[in-house]
Structure formats: structure tokens, C-alpha cells
Amino acid sequence: MRRLPDVAGRINDADVAEVRDRARIDEIVGSYLQLRNAGGGSKKGLCPFHDEKTPSFQVTPAKGLFYCFGCGEGGDVITFVQKVDNLSFAEAVQRLADKVGVQLRYTDSGGPSVAPGLRMRLLEAHQAAAEFFAQQLTSPDALVARQFLDQRGFDREAAERFGVGYAPRGGRELADHLRARGFSHSELVTGGLVRERGWDFFQGRLLWPIRDSATSVLGFGARRLHDDDRVPAKYVNTPETPLYKKSQVLYGLDLARTAIGKKSQAVIVEGYTDVMACHLAGVDTAIASCGTAFGNDHAKLLRRLMGDHDAFNGEVIFTFDGDAAGQAAAMKVFSGDANFISQTYVAVEPSGLDPCDLRLQQGEAEVRELVARRVPLYRFVMGNVIAGFDLDRVEGRVQALRAAAPLVGSIRDKSMVGGYVRELAQLLGMDVDEVRAEVMRAASRGSAPATPSDRPVQVDEPVAPQPSVLPDPHDRDLVVERETLKLALHTPDGFDPQWYGLTTDDFAHPAYRAVFNSLQAAASDGEIGPDWTDRVRGQLPDERLDQLVVQLVVEPLTTNREPDAAFTRAYAAKLQLIRLTGEIGDMKSKLQRTNPVTDTTAYNQMFSVLLGLESRRARLKQLAVGDV
């Protein structure tokens, strides 16, 4: 079935039929792979859509069809170009039309959207301009351009690979060159190559050709090189033309489109040199928007290129600077994250280097590592949101929770919400149940994510869970706390007088914490004897806690072996290890929020504390190896 193009209007049906007739399928397919006669008027070759050693891909020119007996792919010449080059129906038809000389008519309410023949003429003019600019890069006038590339680690081979060029400073060289090739002044102005008064649109600048996914040149991006450049902007792009729509083009798409389709991954960087650096470093899915922020149209384009995979089969990775501008860009992407079917990630270099500078200063392996260290967009934005609040104050933690809860509540993949709730609780140092409740409230309200720049509001102190609220005996997160208290009630002699280092803070649930307080108080009253349980119950501050102690005494231990001292010590170490792991996570999150360059002293102090915590964790792990 013929599909609508990705532009305004529809391709005329007669034009589509003419493209099919003129584009011989054996010639088109033969430009991609080797075909051999198979008899009966058919041809065979190795299938481009799956790996095979014996040819099972067959082309029948008389019928204009292809079919692979190995993987089942088949269709006509348009379908083949769509699949092999990862194009939409309209793009495939347009590409074939350009190749066989068919002028397509895009109709909207019955009228053509582009003058007959104009698109083809503009494509030819842009291709000629790209070749002209590339030739100019070797001229004496382009020395400063070559120096710019060399300083950023790009040699001549790299410049040729990416088609980098140079626009002469004279101001009319391109116009004269293209007019000599038969292009009219009107065509050059319409295409954004020449200004109305005859001056070249780009003068004295380094140029990158911007192509569509079918490798046709649509426009250019230009970088300022000379101090006396009358255009102050560092970067200038081709103006809007019948070919060039900045909200619909991505630099590097011609190089990355195949890898994006195969890997279901796209890496979004911020500049032309970043795209070059990534590809040279082996990140062949890198692309960049051109003269505008990454927007909804770009997202739709990526969805098509990636094949609309489900959430677990693809990823879009944004690289941002770690500064305020980068955080603002991440928030903007987050607001449009629903446009992505694939998971959205952020890759941020801690030192603040962009991919180009990272490759230059630390090597290509670090560029690959930057992408490998990606973190989910939600986590990045969540960290930035809570970083604006004073987490050392109760009010600050409450405000941070209320700001971040809508982020977690809006996560599309609901199976991940629980994990992010626990992560947010750890970052804030708050009870998981309290954080989960706020996230559920935010999700039910449909609240928009808040930011640190929002005006803080006065909030009441949250009511802490009361010790009288009994814990769920089947809560897996609290099983070690429960078993440790059962050991202390069943076999108190298994503990040393210091309870193997246990403290009240090792118990997360208020009820378990209150029971341990009562254990300590009962032990301080005298020797442990037959009345141990009664003495503990006598220290309880609440009648409902008495029910909990009775439960713990009646419940059997989960072990079949006699709980000796080694077993008890291992359980105590296990419980301390849980709390210590949380403290290590908190310290790591503080380190992540601390700039090691501007806050060197604080960073080093926290790092020293972290080393001490890690050392203690190692010791506890050795103690916790008992059969618990």
C-alpha cells in the first residue's frame, strides 16, 4: 500500500507509478550487491537483510519484484530502497525519482507544492556547491580553516570523509561558479546559496554539508573563522528553503542512518565537530540538530529510523554539558520524552568536555566510554531537580521530594517506578514508604515536574510513621531486621554486650527500632534470665508493640541450625551492611553533586569518608558470610 510522504501533501499516484516503471529493480539492487543470473530471467545474490553464505535473495526484473527465501523479505523497487537505506516511503520514492529523472508532484488540495523541476535543480546546485567548497579547503585562502580543523584533531582524510569545505572571502566566487554551470540567479537565491543582491550566502567560513538520509545535500552549516567577519554569529546555517527545514534535518544522518537502524540507537550531540569526533571514535550513531534545538520533528524522524521499537529495544542518548545550560536542555528534552518509544538517556562528561575536546585531550576510547556511561534521562533530571534544595534540612528534603515526585510518577515504564522510588529515597535520605506515597499522589494529580528555580513554598513538617504502626511481616526489605530481633528475643545470649555493634539506627522501621530500644533497656537492667521476654515487653512504649514482640517470640527462626555466636554475628553484620550500603549510596550521590574542580576541599573530604565506609563494608562482608 502506498503511504503518505513525510511532508505536506501527497505524491501524485501517476508519478509513483512512473518511478516504478523507470527504476529497473535489477539495476537498483545491483548497485547494492552482486547479482548473478539464476535462470528463467531471474537473478540471485546474497541477501542484504540477513547474514548468509549461500545466495537466497532473488530478483525478478520482468515482474519488478525481489524476494529472499531465507528471511522472507520481499517487495518492489521502492520497498527495497526503503528497507536497505532505512527510508520512509516518500523518501524512497524521491530518491528513485531523482535517480531516474522523474519530477514528482506533491499535491495539497489539488495543487503542486513545488514548482515542476525545481527540487531536482536545487539538489544539483547544492551538490555542485558542496564539491566547490570542498575544493576550496585546499586553497591558500583556507589556511585558517585547515588550522581550525588541525587544532581539533581532524586531518585531511577526516575532512574529506565528512565533506568539510571552505567558502572564499571574496563574496561572489560560488555565485560565479554555479552560474557558469548553468544555474540561474533565481534558483541560487531560492536554494539559499546566494543572496538577492548576488553575494554568496557564506563568506570566509568553514562549511559542513547537511544531507538527508538519502545522502542528498540540502544545505550547509558554517563556522566563523575571521575576526572581521561581518556576521557576528559563530555558526550560521542555510536559511529555510524548499529543501532545507531546520526542524527536520539532522547533521550526520547520511552517515548514521544505517547504524541507527541496525543498533536501534541514536547519540545526539551538540555540534558538527562533535559528530565528527564520535564517528571517528567508533560511535557511528552520532547526529546533531542544525541551528535549532532538538525538537518534536527530529524525534519523529528518529522514531521512524529506529523502527518504532518498544521501550526495551532502542535508546536515544543525549550528550549535554554539565553546566546550567546543559541541565536546561535536559529538562526541555524531558518535556518531550513521550515522543520516544525507546529509552532516553543522558551522557555527561564530568570534566565538562564535549566529545570533540574529549577525543582530542583523552583519546577516542574515552568518547566511547562517555556513551557507555549513559544514565537514564529521568535519573539525570531527578538529580538536577533535587540538587537545588538543601538536603541537610527537613524542609529542604520535603520540598525536594515534592519537586521530584512528579518526575518519577511520569515514568512511562511502570515496572521501573519502584526502583526509582527507592533511588529517590536514598538520594533524599527519607523513608521509602513516604517517598512512594508522595509519588503516588503526584501521579494521581498529574503534577508537572517542579524545578529548583520554582519559588519554594512553606510546607508543614511531615508526620513521621509512628512506632505503633506494625510492619508487614512479609516485607522482603525488612526481613533482616525482623530475623535479627527474633534472634535477640529467642537467644539473647548469642549476642555480646554491645550487640555486635548494632544500634537503633540500623533498624529502618519505627516499630522495629522501638523494639530494639526496649531490648537495650531490658539488658541494661540486669542479667538475662528466664524472664527476658517479660522484661523486654515491660520496656515497650505502646501496647500494639507488645503484639509485635509476641509475634516475634512465637514465630520460628528461618534457620534449621542452632543459632550459635557466629550465626548471630553474621546476622548483625548483615543488618549493619544494609544501612552502610545506604550511607555509601548517599555519600556517592553527594560526590556526584559536588564539583571536584570548584569544591576541591569538600570533595576530597567526602571522598576520604567514602573510602572509610567502603573499608568498613569490606569488613562487614567478611562477618556476614555465615549461613543467614
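Hi everyone, let's start with the sheet: five strands make an open sheet in the order β2-β3-β4-β5-β6, paired antiparallel. The strands at the edges are β2, residues 36-39, and β6, residues 74-75; each has a single partner strand, so one side of each is left without a neighbour in the sheet. Please keep in mind that this is a predicted model.

Let's zoom in on one of those edges. Strand β2 runs antiparallel to β3, residues 42-45, and three bridges join the two. If you want a spot to click on, try G39, whose bridge partner in β3 is S42.

Now, the cysteines. How many disulfides does the count come to? Zero. You may wonder about C68, so here is the reasoning: its closest cysteine sulfur, in C47, is 3.5 Å away, which is too far for a bond when the cut-off is 2.5 Å. C71 tells a similar story, because its sulfur is 3.6 Å from the closest cysteine sulfur, that of C68, again too far for a bond. And are these two buried or exposed? C68 has 0% relative accessibility and counts as buried, while C71, at 35%, counts as partly exposed.

Last stop, the nonpolar cores. As a general point, nonpolar side chains in soluble globular proteins tend to be buried together. Here the largest nonpolar core has 48 residues, and I260, L302, V408 and L424 touch the most other members. Take V408: leaving aside neighbours within four places in sequence, V408 is in contact with M382, V417, Y420, V421, L424 and V439. Apart from that core lies another, of 43 residues, including L123, Y244, I317 and V367. Thanks, everyone!

Notes: Residues are numbered from 1 along each chain as its sequence is written. This is a predicted model: local features need pLDDT of at least 70, side-chain atom pairs count only at pLDDT 80 or more; totals for chains, interfaces and linings use all residues. Side-chain values use heavy atoms; hydrogens and water are left out. Two strands pair if DSSP finds at least two bridges between them. Helices (H or I, at least four residues) and strands (E, at least two) are DSSP runs, numbered from the N terminus. A nonpolar core is a set of buried Ala, Val, Leu, Ile, Met, Phe, Trp, Tyr and Cys residues joined through side-chain atoms within 4.5 Å. Buried means under 20% relative accessible area, exposed over 50%, partly exposed in between (1.4 Å probe, protein chains only). Contact means heavy atoms within 4.5 Å.
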